[in-house]
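Welcome, and thanks for stopping by. Below is a friendly first tour, meant to be read with the sequence and the 3D view side by side.

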Amino acid sequence: MTETENNPVQNAEAQRAGFAAIIGAPNAGKSTLVNRLTGSKVSIVTQKVQTTRFPIRGIALHENAQIVLVDTPGVFNPRRRLDRAMVASAWAGAEDADVVVHLVDAQAHLGAESREGTPADRKSAEDTETIIKNLNKMGQKVILALNKIDGMRRDTLLALSQKLYETGAYSEVFMISADKGDGVDDLKARLALAMPEGPWLYPEDQSADVPARVLAAEITREKVYLRVHEELPYSAAVETTSFEDRADGSARIEQTIYVERESQRPIVLGKGGQTLKWIGQKSREELEVIFDRKIHLFLTVKVDPKWQDTKALYTQFGLDFDV
């Protein structure tokens, strides 16, 4: 018997590979879950909801299965062109996947039903109900994953899972904490079983399928919101305008941070340019770890009231401008 026949990872007949889409309301924890499943930084995570703007493919391995995770933008009621493009992208990711996980923020859903619930809790519950209605229209039963279960009573969780299961949208229920990792391994094993038989789609050591220019832009956008999340609404974007490989092995990256109003530009710049310097330093440090090379990062802040109507930005992130 040859070495290949002895090794199930190299034996094409034993291999499994496919796509698992993670859908949910904004801030349900989708990006945190994808990062936990892959064991690496694939999606950006900030304090703000609706951070993911396009499907990011993270790659998780479990025994002989390769699971390509599609971290979709949060599903909500769209108002603007960008909103419509993001929601359309999320549903397209779900329809094309071999298995779908609907991630629900258990704490927010229960909070929406109590007097102590916040407007954000109620909005999350409303978005979840919208998703359930659409899932039932699709006629495709999906996996329900109740997230953020930390510190919650088991009987409360069981009652919530039963209530959601009775909507008819789900085939099974998992209770997890994407942040702490509780229950995630069980969910990962279930996703592996759902993958169809076939050769792996990516090399074993690859953890994501994201163009370098796009990933670089997303990392910088994360730093923007981490630093100025209280002052800056969802009116900023980052575009990688140049990504140049240099002879010494390093890379020179030029990026533009777009804001909608002139009053927002000094927020991103900070006094004496200190905020922008911090954003650039933190982004460069993380990019050097991700790309395993020295990075020369140059940032510019521009005011463009209509950046959300710029087709080039939608194309960069694989979103449909005309949806």
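## A first look

Let us begin with one residue: Leu61 is partly exposed, since its relative accessible area is 29%. That value, like the others here, comes from a predicted model. The chain has 323 residues, and 49% of them count as buried. Its secondary structure comes to eleven helices and ten strands. Taking contacts between residues at least 6 apart in sequence, 71% join residues at least 24 apart.

**Around Leu61**

- You will find Leu61 in strand β2, which covers residues 56-62.
- Along the chain, Leu61 and Thr38 are 23 residues apart, while their C-alpha atoms are separated by 7.4 Å.
- If neighbours within four places in sequence are left aside, Leu61 is in contact with Gln66, Lys188, Trp200 and Glu204.

**Two helices that cross**

- Helix α2 (residues 30-38) meets helix α7 (residues 184-194): their axes come within 10 Å and cross at roughly 80°.
- An angle from 65 to 115 degrees counts as roughly perpendicular, and α2 and α7 are therefore roughly perpendicular to each other.
- On the α2 side, the contact is made by Leu33, Arg36 and Leu37, and α7 brings Val184, Leu187, Lys188 and Leu191.
- Sorted by character, the residues of this contact between α2 and α7 are five nonpolar and two charged, with no polar ones.

**The nonpolar cores**

- The largest nonpolar core has 23 residues, and those touching the most other members are Leu33, Ile67, Leu69, Ile176, Leu187 and Leu191.
- Two or more residues of this core come from each of β1 (16-24), α2, β3 (65-71), β4 (99-105), β5 (142-147) and α7.
- Helix α7 gives the largest share of this core, four residues.
- Leu187 is a good residue to click on: not counting residues up to four places away in sequence, Leu187 touches Leu33, Val101, Ile143, Ala145, Phe174 and Ile176.
- Another core, of 22 residues, lies apart from the largest one, and its members include Ala216, Ala217, Ile253 and Leu297.

**A three-stranded sheet**

- What is the strand order of the open sheet of three strands? The order is β8-β9-β10, and the pairing is mixed.
- Strands β8 and β10 (295-303) stand at the edges with a single partner strand each, so one side of each has no neighbour in the sheet.
- On average, and with direction ignored, neighbouring strands of this sheet are turned by 20° against each other.
- Strand β8 (residues 236-245) pairs with β9 (residues 251-259) in the antiparallel sense, over nine bridges. Here Phe243 has Ile253 of β9 as its bridge partner.
- Together β8 and β9 form a hairpin with five residues between them, and in the turn Gly249 has a positive phi of about 95°.
- Strands β9 and β10 also pair over nine bridges, in the parallel sense. In this pair, Arg252 has His296 of β10 as its bridge partner.
- As background for viewing any sheet, side chains in a regular strand alternate between the two faces.

**Helices on the sheet**

- Helix α8 (residues 212-228) packs on this sheet and touches β8, β9 and β10; the direction of α8 makes about 135° with that of β8.
- Helix α10 (residues 274-291) also lies across β8, β9 and β10, and runs at about 140° to β10.

**Two loop residues with positive phi**

- Glu63 is not a glycine, yet its phi is positive, at about 55°.
- Which loop holds Glu63? Glu63 has its place in the loop between β2 and β3.
- Is Glu63 buried or exposed? With a relative accessible area of 65%, Glu63 is exposed, because a residue counts as exposed over 50%.
- Lys148, a residue other than glycine, likewise has a positive phi, near 60°.
- Lys148 sits in the loop between β5 and α6 (154-165).
- The relative accessibility of Lys148 is 23%, so Lys148 counts as partly exposed.

How values were computed. Residues are numbered from 1 along each chain as its sequence is written. This is a predicted model: local features need pLDDT of at least 70, side-chain atom pairs count only at pLDDT 80 or more; totals for chains, interfaces and linings use all residues. Side-chain values use heavy atoms; hydrogens and water are left out. Axes are lines fitted to C-alpha atoms, for helices over the stretch in contact, and angles run from 0 to 180 degrees between N-to-C directions. Angles under 35 degrees count as roughly parallel, over 145 as roughly antiparallel, 65 to 115 as roughly perpendicular and the rest as oblique. Contact means heavy atoms within 4.5 Å. Ala, Val, Leu, Ile, Met, Phe, Trp, Tyr, Cys and Pro count as nonpolar, Asp, Glu, Lys and Arg as charged, and the others, Gly among them, as polar. Two strands pair if DSSP finds at least two bridges between them. A nonpolar core is a set of buried Ala, Val, Leu, Ile, Met, Phe, Trp, Tyr and Cys residues joined through side-chain atoms within 4.5 Å. Buried means under 20% relative accessible area, exposed over 50%, partly exposed in between (1.4 Å probe, protein chains only).
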